[in-house]
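Please load the model in your viewer and keep the selection panel at hand. The stops below go from the whole chain to single residues.

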Amino acid sequence: MKTLGIILFCIFSLVGTIGLSYALYPHTSSPSVGLSKQAKSMEDFDVEIDLGEDFGPMTVIDLMGYYLENPPSPSSTTTVPKRQFGGC
């Protein structure tokens with residue numbers, strides 16, 4: 001009798017969790033996901049981004065221009081760093 005109660009508890013817990021997830025999923029999904037499948041041009045991002053006190057606000061066009069003129073250099077080291085034992 002005790003094992004039957006355990007099995008029923010597991011089944012009802014699983015059904016309840018799946019049912020609650022199914023009921024709440026429409027409220028958590030984002031409706032704008034379909035819009036992200038279309039690429040935007042760089043000119044459409046007419047927003048300034050504050051990069052802190054060192055650089056100040058810059059537009060996305062300026063950031064992309066800087067990135068295209070100064071691409072990041074490839075990593076010169078391809079070795080895996082030595083792993084140290086941290087102990088207890």
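Begin with the whole chain selected: its accessible surface comes to about 8800 Å², of which 64% belongs to carbon and sulfur atoms, the areas being computed by the Shrake-Rupley method with a 1.4 Å probe and, for residues, with only the protein chains shown counting as cover. This is a predicted model, in which local features need pLDDT of at least 70 and side-chain atom pairs count only at pLDDT 80 or more, while totals for chains, interfaces and linings use all residues. Residues are numbered from 1 along each chain as its sequence is written, and side-chain values use heavy atoms, with hydrogens and water left out.

Colour next by secondary structure, where 2 helices and 2 strands appear in the order α-β-β-α from the N terminus; helices (H or I, at least four residues) and strands (E, at least two) are DSSP runs, numbered from the N terminus. Of the 88 residues, 3% count as buried, meaning under 20% relative accessible area, whereas exposed means over 50% and partly exposed lies in between (1.4 Å probe, protein chains only).

Now select Met 1, Leu 4, Ile 7, Leu 8, Ile 11, Phe 12 and Val 15, a nonpolar surface patch with about 760 Å² of accessible area together. Patch members have over 30% relative accessible area and no salt bridge, and nonpolar side chains (Val, Leu, Ile, Met, Phe, Trp, Tyr) are joined within 5 Å, like charges within 9 Å; a salt bridge is a side-chain nitrogen of Lys or Arg within 4 Å of a carboxyl oxygen of Asp or Glu. Val 15 lies in helix H1 (residues 2–28) and counts as exposed because its relative accessibility is 53%.

Move on to Gly 56, in the loop between strand E1 (48–50) and strand E2 (57–59), which is buried at 14% relative accessible area.
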